[in-house]
Each structure stands twice: as C-alpha cells, then as structure tokens.
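Please open the model in your viewer and keep the selection panel at hand. The stops below each name what to select and then describe what is there.

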Amino acid sequence: MLAALLLFAGCRARRPENVLSPRKMESLLYDYHLAQAVVNNLPYEDKYQAEFYRNYEFQKHGVTKDEFDASVLWYTRNPKELNKIYEKLYARADRERDAAASRMEIAEKKSFSVMSGDSVDLWYLRRTNILTASRYQNPLLFEISSDTTFYYSDSIVWTVGTTFIDGGGDSIVPKAYLSLSMVYGDSISTVDTLVDMTSIYRLDMQSDPVMTLSSVKGAVSYIAGNDDVPACLLLSDISLLRIHSCGPEPSDTIASDSISSPEF
C-alpha cells in the first residue's frame, strides 16, 4: 500500500501532455508579458488591437489559447514549478534591461560625436535585422543628429540588402517602404522607394548648400501580404555613408541631444 501511495503521488506531480514544458512556458510567458506591456500602453483608439498582440504570441510559439490556459492552470496549481519559471524570467528581464541600457549609451555617444573623414559609415545599429508583420518588430527606424563634422552639401548614401522570406501558402506579394530624410529645423526633405523584390536598394541625398542640417532620419516599413502567413523580411549589409563634397565650409551647429533607437 505504501508503494501504491508513492506511485500515486508521483503521478499527480507529473506534467500532463497538454501542458507546455518549463522551457517553452518560460519563452512564451516572456513574450506574452512584453505584448501585454505594449497593449497597456496603446492609445485608447487602438485598444481594439489588444487581441491581435496576444494571438501573435500564440502563433509565434505554435501554441493555441486552450493549451496556454491549460498550462497556466497547471503551473498555478504547482507553484514551485511556476516560481522556477519566474525566477528565470526575472533574470532574463534584467539581462535585457542591461543590454538595452548599453545600446542606449552607445547611441547617445554617437549622437554627440560622429566620426570625421571624407567618407564615413555612420551606421550604429545592427547590420542584419528581421522585420515581421508584428507592430513591435516593424519598422526599422534610425535618427542621427548632425555635429561639426557635417559639411554643407554633404551626400548621404543609404544601402540596404533585402531578402523576402516566404512562410508558404498563397498570399499577396509582401512589400516594404524604404525612406531617407534630411531635417533642417522645421523643414524636411525625403526620398523614398518601394521595395518589392530581393535585391540591394540604395537611396542618395545631398544636403542643402545653404540650410543647416539638423539630423538624418530613415525607416524601413515591412508590409506583409497576409498576416496568416509567417513571412518576414531580412535586411542585411546595411550601411549609411556620409561623403564630403569639395570645398564647403563646416556646419557650425552643435549636435542636439535627441536620437531614437528601435527595440528587437
């Protein structure tokens, strides 16, 4: 009888097949809480998108809502297992926060001091990125403030390699919107192009010979053809060249303290 009781107790502690493993539950809960944070900060008029964010996390991890609910219920009834998962979540959140703070520190330094030279690559973000239909994984944004190393009539050349990765199935062909802008105080000048194939795209701009350049901004926005198809856009070999023209006087502006850097 003692052996039978021990066996019964062991069976009760065993995780059912329809309950996610601790590792998968940890990964799903991390993204789920991130999505919930985004939902909580949505403007009132965008609150209707809350369900989309939650459903995206289930699709991303290949889990149904019923499986998630069953897993939450089981782990709640087994608090020791749930505590282990959240201890790992807290540690992961701390690592991500420290990494984000480090990236922001690098970005702030870039905004105050841009390298000098006739031809300089100003790109400070990752040279490879993946964009999806998710709002917080799309688009890629950047802004670099000018300083005394910028000259009047400088040229800016932004090059991006694009590769569309099809998730399978019939859908509208996905596209992307690529733009490059120069900001002069209250005015802005922009060039853009529609990206619709795997290739290398390049945007060129020359700054105004009279107006003082405040900053250089750019964006890549991914337009998925069908949200039900897990397609994505791979950006690679990204570069942002600033090229001095011959003979202009340097700008006498001091770098502003604003720079934006997206979270992946």
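Contact, as the word is used on this tour, means heavy atoms within 4.5 Å. The model is a predicted one, in which local features need pLDDT of at least 70 and side-chain atom pairs count only at pLDDT 80 or more, while totals for chains, interfaces and linings use all residues. Residues are numbered from 1 along each chain as its sequence is written, and side-chain values use heavy atoms, with hydrogens and water left out.

Begin with the whole protein chain, which has 5 helices and 9 strands; helices (H or I, at least four residues) and strands (E, at least two) are DSSP runs, numbered from the N terminus. Read from the N terminus, the order of elements is α-α-α-α-α-β-β-β-β-β-β-β-β-β. Of the 264 residues, 38% count as buried, where buried means under 20% relative accessible area, exposed means over 50%, and partly exposed lies in between, with a 1.4 Å probe and protein chains only. Among contacts between residues at least 6 apart in sequence, 79% join residues at least 24 apart.

Next select Y30, which has its place in helix α2 and is buried, with a relative accessible area of 13%. Once residues up to four places away in sequence are set aside, Y30 touches L89, R92, A93 and E96. Show the side chain of R92 as well: its charged end sits over the ring of Y30, 3.9 Å from the ring centre, the criterion being that NZ of Lys or CZ of Arg is within 6 Å of the ring centre and within 35 degrees of the ring normal. The C-alpha atoms of Y30 and Y90 are separated by 9.4 Å, although these residues are 60 apart along the chain.

Now display helix α2 (residues 22–40) together with helix α4 (residues 65–77), whose axes come within 12 Å and cross at roughly 110 degrees. Axes are lines fitted to C-alpha atoms, for helices over the stretch in contact, and angles run from 0 to 180 degrees between N-to-C directions. The crossing makes α2 roughly perpendicular to α4, a class that covers 65 to 115 degrees, with angles under 35 counted as roughly parallel, over 145 as roughly antiparallel and the rest as oblique. From α2, P22, M25, L28, L29 and Y32 meet F68, S71, V72 and Y75 of α4.

Which rings should be selected with Y32 to show a cluster? Ring pairs link Y32, F58 and F68; rings of Phe, Tyr and Trp (its six-membered ring) pair if their centres lie within 6.5 Å, and planes under 30 degrees apart count as stacked, over 60 as edge-to-face and the rest as tilted. The rings of Y32 and F58 have centres 6.3 Å apart and planes at 20 degrees, so this pair is stacked. Since Y32 lies in helix α2 and F58 in helix α3 (residues 50–61), the pair ties together parts that are 26 residues apart in sequence. For F58 and F68 the centres are 5.3 Å apart and the planes at 45 degrees, so that pair is tilted. Y32 and F58 are buried, and F68 is buried too.

Finally, move to S153, in the loop between β3 (140–145) and β4 (155–165). S153 is buried, with a relative accessible area of 14%, and, leaving aside neighbours within four places in sequence, is in contact with Q206, S207, D208, P209 and S245. As a last selection, take R242, which lies over the face of F150 at 4.9 Å from the ring centre.
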